[in-house]
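Visitor: Could you take me slowly through one loop of this model, and then outward from there to whatever it leads to? I would like the backbone, the burial and the surroundings treated together.

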Amino acid sequence: MTNRFRADFPLFKAIDEHASRENSGLMYFDTAATAQRPFIVLHAMSHFYATQNANPLRGLYDLSERATKAYEDARAAVAKFINATDSREIVFTRNTTESLNLVAYTWGMQNVQAGDEIVVSIMEHHSNILPWQFLVQEKGAKLVFLDVDKETGSIPEREYAKITPRTKIVSVAHTSNVLGTTNPIRHIAALAHQNGAIMVVDGAQSAPHIPVDVQDLGADFFAMSAHKLCGPMGIGALYGKRALLEAMPPFLRGGEMIEYVTTEGATWADVPHKFEAGTVSAGDAVGFAAAVRYIQSVGFDTITKHDNTLSEMLVEGIKKLPHFHILGSKDGSARSGIVTFTVDGVHPHDIASLLSDEHIAIRAGHHCAQPLGQYLGVPASARASIYFYNTEQEIAVLLEKLAQIRAWSGFKS
């Protein structure tokens with residue numbers, strides 16, 4: 001099966017043309033950690049630095065004004081991508097982690113009091129647990145976990161009773177980076193708002209795979225990373241409802257985020273610049289915008305169909321292998337391209353190492369979700385994550401190699 005998108009990516013184009021000695025034959029199944037970058041993203045960033053390189057927002061000369069326009073155009077592209085009402089509701093950050101910390105250190109420190117509760121799910125990435133752990137420790141509040149069904153990987157309806165009038169913040173992953181579960185954010189947000197809480201969404205894994213409409217979801221804050229969706233590393237975005245952003249104090253203080261400074265104090269710039277201290281990562285923002293436009297050109301209908309086809313093929317193949325255990329749902333179409341598993345008697349690190357010898361890249365470990373592993377009784381697992389540039393032939397080869405893992409590890413059956 002020919003995959004027309006692979007030629008858009010330098011890594012895959014070289015592999016497919018047998019021109020890359022270093023990556024010859026590589027099959028890449030680690031997109032949940034970071035996606036590959038297409039030529040269009042690399043060219044957009046190179047073009048910015050070659051023709052528009054100046055400090056945005058500060059200079060009154062033409063080159064700086066063009067850099068400023070490129071930076072703000074990138075903000076508008078990201079806002080459109082997730083259907084924010086106003087580009088000023090997009091704050092550029094380093095990544096999803098920084099976005100979630102920004103909310104915890106600003107809105108959280110300002111609004112959470114002793115006795116309040118913050119609700120997260122047990123499936124959260126550490127980035128959506130540690131900021132809230134810090135906050136409850138500082139404020140004398142309580143962190144409450146929503147458990148998941150160990151068979152389906154979803155949150156049972158009864159768990160939502162933990163969202164109460166004591167709840168101040170609900171923060172849940174849109175899509176789990178381990179289970180592949182896509183949570184019913186619209187429903188959870190409605191419950192949060194009914195109880196007077198805000199809804200924070202970790203969208204790192206959902207934004208690359210499904211259409212995101214922050215207004216329809218009912219999100220008060222939505223965090224995402226460019227590198228998960230074919231953009232550059234080191235830049236992400238935080239969506240926040242403008243009224244909330246306006247009322248929040250700055251996260252970092254320094255250059256550019258000020259309106260006026262005296263020896264006694266300062267006043268802050270308008271949002272979003274109040275939260276973007278120092279020289280901004282303009283070239284990365286331009287790359288971020290190029291990535292979201294590229295994803296839009298591929299189309300989520302195409303991405304979802306491809307995710308589901310390959311995920312179902314992989315899940316069904318693994319289910320036929322003795323001694324293999326899939327974490328979460330056994331429905332490949334419900335996993336957003338993420339398939340996580342264990343093998344009896346073989347450590348996940350050994351699985352990854354053995355597959356690496358076969359030029360196959362997967363992830364192994366706790367996937368920055370140790371509380372989930374503890375809850376499931378699985379301290380480590382192997383994860384293959386799929387995107388629209390993977391092929392059925394690659395899945396077939398992966399399954400063929402997985403079938404040999406136990407034999408390679410010294411087991412006779």
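Guide: The place to begin is C230, which sits in the loop between strand 7 (221-225) and strand 8 (236-240). Please keep in mind throughout that this is a predicted model. The backbone at C230 is worth a close look, since phi there is near 80°, a positive value in a residue that is not glycine. As background, most residues other than glycine have a negative phi, and most peptide bonds are trans. C230 counts as buried because its relative accessible area is 0%, and buried here means under 20%.

One residue that touches C230 is Q36, whose contacts beyond four places in sequence are F9, L11, F12, Y28, C230 and Y389. Q36 is itself in a loop, the one between strand 1 (27-28) and helix 2 (39-51). With a relative accessible area of 16%, Q36 is classed as buried, so the contact between Q36 and C230 joins two buried loop residues.

Since C230 is a cysteine, it is natural to ask about sulfur bridges: how many disulfides does a search of the whole structure find? The number is 0. A disulfide, in general, is a covalent bond between the sulfur atoms of two cysteines.

A second cysteine, C368, makes a useful companion to this discussion. C368 is located in the loop between strand 14 (363-365) and helix 12, and although it is not a glycine, its phi is positive, at about 55°. The burial of C368 is another matter, because its relative accessibility of 32% makes it partly exposed.

C368 leads us to the largest pocket, which has a volume of about 480 Å³. The pocket is lined by 29 residues, and those closest to its centre are A32, A33, H125, K228 and C368. Helix 4 (96-111) and strand 14 are the elements that contribute two or more residues to this lining, with strand 14 supplying the largest share, 3 residues.

K228, one of the residues closest to the pocket centre, brings in A204, which touches T96, A223, M224 and K228 once residues up to four places away in sequence are set aside. A204 lies in the loop between strand 6 (198-202) and helix 7 (214-217), and it is buried, with a relative accessible area of 10%. For a sense of distance, A204 and T106 are separated by 98 residues in sequence and by 21 Å in space, taken from C-alpha to C-alpha.

Helix 12 (residues 370-376), which bounds the loop of C368, takes us from the pocket to an enclosed space. The whole structure contains 1 cavity of 30 Å³ or more, and the volume of the largest cavity is about 80 Å³. Its lining is made up of 13 residues, with V178, H366, G373, V378 and S381 nearest its centre, and the largest share of that lining, 3 residues, belongs to helix 12.

Strand 14, which we met at the pocket, can also be followed to helix 11 (residues 348-357), whose buried residues are P348, I351, A352, L354 and L355. Seen along the axis of helix 11, these residues lie within an arc of 165°, and therefore they line one face of the helix. Among the elements that cover them are strand 12, strand 13 (360-361), strand 14, strand 15, helix 13 and helix 14 (405-408). Just past helix 11 comes H359, where phi is again positive, at about 65°.

Two of those covering elements, strand 12 (338-343) and strand 15 (381-385), are also packed against by the buried residues of helix 10, as are helix 3 (62-81), helix 9 (282-298), strand 11 (324-326) and helix 13 (392-402).

One last backbone feature belongs beside the positive phi values: the peptide bond from V271 to P272 is cis, with omega near 5°. P272 is in the loop between strand 10 (266-268) and helix 9.

Terms used
Residues numbered from 1 in each chain as written. Predicted model: local features only at pLDDT ≥ 70, side-chain atom pairs only at ≥ 80, totals over all residues. Heavy atoms only, no water. Contact = heavy atoms within 4.5 Å. Helix = DSSP H or I, 4+ residues; strand = E, 2+ residues; numbered from the N terminus. Disulfide = S-S within 2.5 Å. Buried < 20%, exposed > 50% of the residue type's maximum accessible area, 1.4 Å probe, protein only. 1 Å grid on protein atoms, 1.4 Å probe; cavity = no way out; pocket = protein on both sides within 12 Å on 5 of 7 lines; lining within 4 Å. Points joined across faces, edges and corners; volume = space filled by probe spheres on them. Arc of directions from axis to C-beta.
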